[in-house]
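Here is a walk through a two-chain model, from the overall make-up down to single residues. Have the viewer open as you read.

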Amino acid sequence: MTDAPTDGELVRLALNGNEQAFGQLVERYQRPAYAVAYSVTGRHEDAEDAAQESFLVALDRLEECRNPDRFGGWLMTIVRNRSKNLIRRESLRDTDQVPPGARSRAPTPDRVAEVLQIREMLEQALSELPEVQRQIVLLHDLEGWKHREIAERLELPSGTVRSHLHFARKALRKALEGRPGVPDLVRKVQ
Amino acid sequence: MMDWLKQDAAGAEDLGEDMVLAEALRSLDPATEDPNYWLRFRSWVMSEAAFELARRRRIVELSVEDVLASWSRTLLPVAMAAAVAAVAFIRSPQADAPTVVTVVGVEELLVAEVREETQPVLLSPDAAAGIVAFASDVY
């Protein structure tokens with residue numbers, strides 16, 4: 001069994017233009033980058049744009065990543081800043097326009113109504129959380145990051161991460177419990 | 001009451017997985033509806049990054065000869081221009097003009113602005129007598 005290369009190793013290779021290494025970094029962080037972007041923008045299309053652009057910005061500025069072994073944290077900072085800039089720009093434009101590259105939401109026969117309903121509820125509930133709590137709950141419960149990883153990559157104390165996660169979960173559960181459709185999901189999961 | 005949290009034994013490290021919430025949050029994952037979403041996401045990033053990655057590869061692949069050749073392309077004209085400028089300066093009329101040098105001794109320089117010769121008087125062998133005469137005049 002071979003160990004996966006560390007972020008530091010991949011960054012050093014990517015600095016020399018190694019396509020495979022950069023591809024591995026993208027694969028490793030595309031979901032967390034999207035989750036962080038989504039926690040800031042609250043919209044799929046914006047999150048997608050911000051996350052994708054962040055990888056390109058990171059590649060352009062790879063020399064500025066002083067600690068390649070902490071590439072993840074450095075990238076998340078870029079994602080947050082890009083997302084904030086994006087919503088600042090979006091607020092100046094007509095927000096009804098869907099930017100190019102938005103995913104095609106082809107309806108699937110199963111679960112589509114249920115998923116849409118839950119998503120709407122979650123989007124609403126998430127929008128009521130502070131940004132940092134949104135980031136933490138999405139990274140932990142959607143992307144499967146551990147407290148230690150979140151603390152390290154978002155540069156927050158571990159205790160703060162735990163407490164934010166606790167309050168975010170509490171708020172989300174409260175929001176979901178009171179709405180129709182969710183208990184079915186809960187039963188299905190159990 | 002439902003136990004939402006699967007807290008670990010220590011209760012201090014990780015809050016553990018919240019299965020229900022995790023399942024609900026999965027509806028926010030774009031791959032829920034589009035299984036190839038992340039593949040396309042990565043492909044888009046890689047195609048946009050291709051130019052920058054190629055640029056970085058070119059820099060690394062440059063040999064020592066390439067670097068010296070690129071330097072010589074810049075350095076040679078600059079050196080030539082500097083040499084021409086130096087020759088022009090040396091041959092200018094200002095450079096040919098004779099330089100007038102005035103020799104001045106160090107002692108002359110030191111006393112040039114001093115009118116009274118106070119120090120030599122005080123340091124002379126008769127200095128003590130002079131002081132006594134001065135004191136007797138005053139008191």
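## Burial and make-up of the chains

In this predicted model, 39% of the 190 residues of chain A count as buried. Chain A is built from nine helices and zero strands, so from the N terminus on you read α-α-α-α-α-α-α-α-α (a helix here is a DSSP run of H or I, at least four residues). As for how chain A is wired up, take the contacts with a separation of 6 or more: residues 24 or more positions apart account for 73% of them.

Chain B has 139 residues, and 9% of them count as buried. It has seven helices and zero strands, giving α-α-α-α-α-α-α along the sequence.

## How far to trust chain A

The average pLDDT of chain A is 83, with 82% of the residues scoring at least 70. Which elements mark the two ends of the scale, lowest and highest? Helix 9 (residues 182-189) of chain A has the lowest mean pLDDT, 48, and helix 1 of chain A the highest, 95.

Two stretches call for some care. Residues 98-107 of chain A have a pLDDT below 50, and in the model this stretch makes 15 contacts beyond near neighbours in sequence. Residues 186-190 of chain A are also below 50, with four such contacts. Where pLDDT is low, the predicted coordinates should not be read in detail.

## The nonpolar core

The largest nonpolar core has 56 residues, and the ones touching the most other members are A:Ala33, A:Ala37, A:Leu75 and A:Val79. Helix 2 of chain A gives the most to this core, with 11 residues. In soluble globular proteins, nonpolar side chains tend to be buried together.

What does A:Ala37 touch, once residues up to four places away in sequence are not counted? The list is A:Ala47, A:Ala50, A:Ala51, A:Val79 and A:Ser83.

## Helix 4 of chain A

Helix 4 of chain A covers residues 71-92, which makes 22 residues. From its first C-alpha to its last it reaches 32 Å, close to the 32 Å expected at 1.5 Å a residue. Its buried residues are A:Phe71, A:Trp74, A:Leu75, A:Met76, A:Ile78, A:Val79, A:Arg80, A:Arg82, A:Ser83 and A:Leu86. The cover over these buried residues includes helix 1, helix 2 (19-41), helix 3 (44-60) and helix 7 (147-154) of chain A.

Over in helix 1 (residues 7-15) of chain A sits A:Glu9. A:Glu9 is partly exposed because it has 14 other C-beta atoms within 10 Å. The C-alpha atoms of A:Glu9 and A:Asp69 are separated by 7.7 Å, although the two are 60 residues apart along the chain.

## Helix 8 of chain A and the loop before it

Helix 8 of chain A (residues 158-177) has 20 residues and reaches 28 Å from its first C-alpha to its last, close to the 28 Å expected at 1.5 Å a residue. Buried in helix 8 of chain A are A:Val161, A:His164, A:Leu165, A:Ala168, A:Arg169, A:Leu172, A:Arg173 and A:Leu176. They are on the same side of helix 8 of chain A because they cover an arc of only 160 degrees around the axis. On the other side, A:Gly159, A:Lys170 and A:Lys174 are exposed.

A:Glu155 lies in the loop between helix 7 and helix 8 of chain A. Its phi is near 55 degrees, a positive value in a residue other than glycine. Is A:Glu155 buried or exposed? With 12 other C-beta atoms within 10 Å, A:Glu155 is exposed.

## Where the chains meet

Across the interface, 35 residues of chain B are in contact with 42 residues of chain A. On the chain B side, the elements giving two or more residues are helix 1 (19-25) and helix 2 (37-61) of chain B. Helix 2 of chain B gives the most, with 15 residues. Sorted by type, the residues on this side of chain B are 20 nonpolar, two polar and 13 charged.

For a single example, look at B:Ala22 in helix 1 of chain B. Leaving aside neighbours within four places in sequence, B:Ala22 is in contact with A:Asp141, A:Leu142 and B:Glu17. B:Ala22 has 16 other C-beta atoms within 10 Å, so B:Ala22 is partly exposed.

Notes: Residues numbered from 1 in each chain as written. Chains lettered and ligands numbered in written order. Predicted model: local features only at pLDDT ≥ 70, side-chain atom pairs only at ≥ 80, totals over all residues. Contact = placed C-beta atoms within 7 Å. Nonpolar A, V, L, I, M, F, W, Y, C, P; charged D, E, K, R; others polar. Buried ≥ 20, exposed ≤ 12 C-beta atoms within 10 Å, placed from the backbone. Expected span 1.5 Å × (residues − 1). Arc of directions from axis to C-beta. pLDDT = per-residue confidence, 0-100. Core = buried A, V, L, I, M, F, W, Y, C linked by C-beta atoms within 7 Å.
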